[in-house]
Structures are given as structure tokens and as C-alpha cells.
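Got your viewer open? Let's walk through this one selection at a time.

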Amino acid sequence: MYPMLIKPMLDKMLALVLIWFFLPIIVLSALLVFFKIGRPIFFRQVRPGYKERLFGIYKFRTMSNEKDENGELLPDDKRLTAVGLFLRKTSLDELPQLFNVLKGEMSFVGPRPLLVEYLELYNDEQKKRHTVTPGITGWAQVNGRNAISWEQKFEYDVWYVDNQSFLLDMKIMWMTFLKVIKRSDVNSSSSVTMEKFEGSK
């Protein structure tokens, strides 16, 4: 009953409260992106959610659109702006996902929604991550986030699917709060963004 009925109701109620509470910060972040990085203010990308249904996830834009002489986008580390780095380290870039939660596309806690192209790369065990609603934060995020391997992330995701409960969700949200305060595990060990998943070896 909790994951199917109670959790979605609590998610939407909390999302509505937090949108009103963080509205000044959301507006200030949007203005900061607009004046320091430019338009568009939001980064939107299609991701698979519950039962692999596709939806558009929203974040504040953190990278510029700088290109090389061939018209190709520069590497992520070259395009990540100072403002973007600040938004990522404080997790303010994730605030627009409150609207995804309000729409029922995401939960506060669950496996992070990843790229559509990864769907065909998951093994049967890893696919279990799509049997629950994806989250803004999750068990993998509070146990290493971008500092652990893809295989470790998926193991944490599947563990969460098998053990989800109200108390576990409260624990994950508290641990997330502590990580945001400490600004830890934002980047992988070798890149400003997590390296692409290419399938389990």
C-alpha cells in the first residue's frame, strides 16, 4: 500500500509545499542562469520512468553551448560554468524536478532516471530499477552518487526496490540533506559528469 498509494500522495503534498517554500530561490536561480549562462534557463531531457515510460526531466541549465571550430560541443568540463558548478554543488539545479514530482512523473526517493539509450544495456536484474517511480534522490545517491561505479549504483537501486518503506525513505532524505550540506560526491572521480554507461562487463 505504501509505494502504490501513500507514497505518491505524500510526494505531491510535499512537492507543493516545497515549491512555495523555495519559490524565491527558484526565481533567483532562474535569473542567475539567464544573466550568467543565457537561454534556455532550463535543461530538459527525455528519461524513462516507471515501467520505462518516457517523460521530460527538468533541471536548471549549468553548461554553456560553446562549440569548437567544427561546430561540435566542447567537452563537459570546458562548458561547465562557474554558476553551473555552484548550482550543482548546492543541488539547486535539481529544484525544477519538484514539478516532475507534482506531476507524478517522479518521487522524492527512488532510482535516478537515466538516459533512454541505457535501456537496452541493462541486464534483467538492473531492469528492476524501472519497477518503481524514479526519484530526485535515492539509495545510490546517498551511498556514493557519482563517485561509485555504474554496477554499484544499480546494485543500490535494486536493493531499494526490494526494501522500500516509509522509514527507509525518511532515512534517505535525511542522508541527502546531510550530503547537500557537505556538498559531497557531486562529480565522478575522473569527470565533471558521470561517464556514460556502456553495459556491465
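Before we start clicking: a residue counts as buried when its relative accessible area is under 20%, exposed when it is over 50%, and partly exposed in between. Also keep in mind that this is a predicted model.

Use that straight away and select Trp150 and Phe197: both are buried. Now look at how they sit in the chain. Trp150 belongs to helix H6 while Phe197 is in the segment after H7, so their pair ties together parts that are 47 residues apart in sequence.

Keep Trp150 on screen and add Lys153, which lies over the face of Trp150 at 4.7 Å from the ring centre.

Next, colour the rings. A search of the whole structure turns up 13 aromatic pairs. Pick Tyr122 and Phe154: their ring centres are 5.4 Å apart with the planes at 85°, so this pair is edge-to-face. It links distant parts of the chain, with Tyr122 in the loop between S3 and strand S4 (135-137) and Phe154 in helix H6, 32 residues apart. Are these two buried or exposed? Both Tyr122 and Phe154 are buried. Add Tyr118, and together with Tyr122, Trp150, Phe154 and Phe197 you have one aromatic cluster.

Now jump to helix H1 (residues 2-21). Its buried residues are Tyr2, Lys7, Asp11, Ala15, Leu18 and Ile19, and what covers them includes helix H6 (150-163) and helix H7 (166-182).

Last stop: show the surface and select Met1, Met4, Leu5, Ile6, Met9, Leu10, Met13, Phe166, Leu167 and Met170. They form a nonpolar patch with about 1100 Å² of accessible area together. H1 gives the most to it, with 6 residues.

Conventions
Residues numbered from 1 in each chain as written. Predicted model: local features only at pLDDT ≥ 70, side-chain atom pairs only at ≥ 80, totals over all residues. Heavy atoms only, no water. Buried < 20%, exposed > 50% of the residue type's maximum accessible area, 1.4 Å probe, protein only. Helix = DSSP H or I, 4+ residues; strand = E, 2+ residues; numbered from the N terminus. Contact = heavy atoms within 4.5 Å. Patch = residues over 30% accessible without salt bridge, like charges linked within 9 Å, V, L, I, M, F, W, Y side chains within 5 Å. Areas by Shrake-Rupley, 256 points an atom, 1.4 Å probe, with all protein chains shown as cover. Salt bridge = Lys/Arg side-chain N within 4 Å of Asp/Glu carboxyl O. Phe/Tyr/Trp six-rings, centres within 6.5 Å; stacked < 30°, edge-to-face > 60°. Lys NZ or Arg CZ within 6 Å of the ring centre and 35° of its normal.
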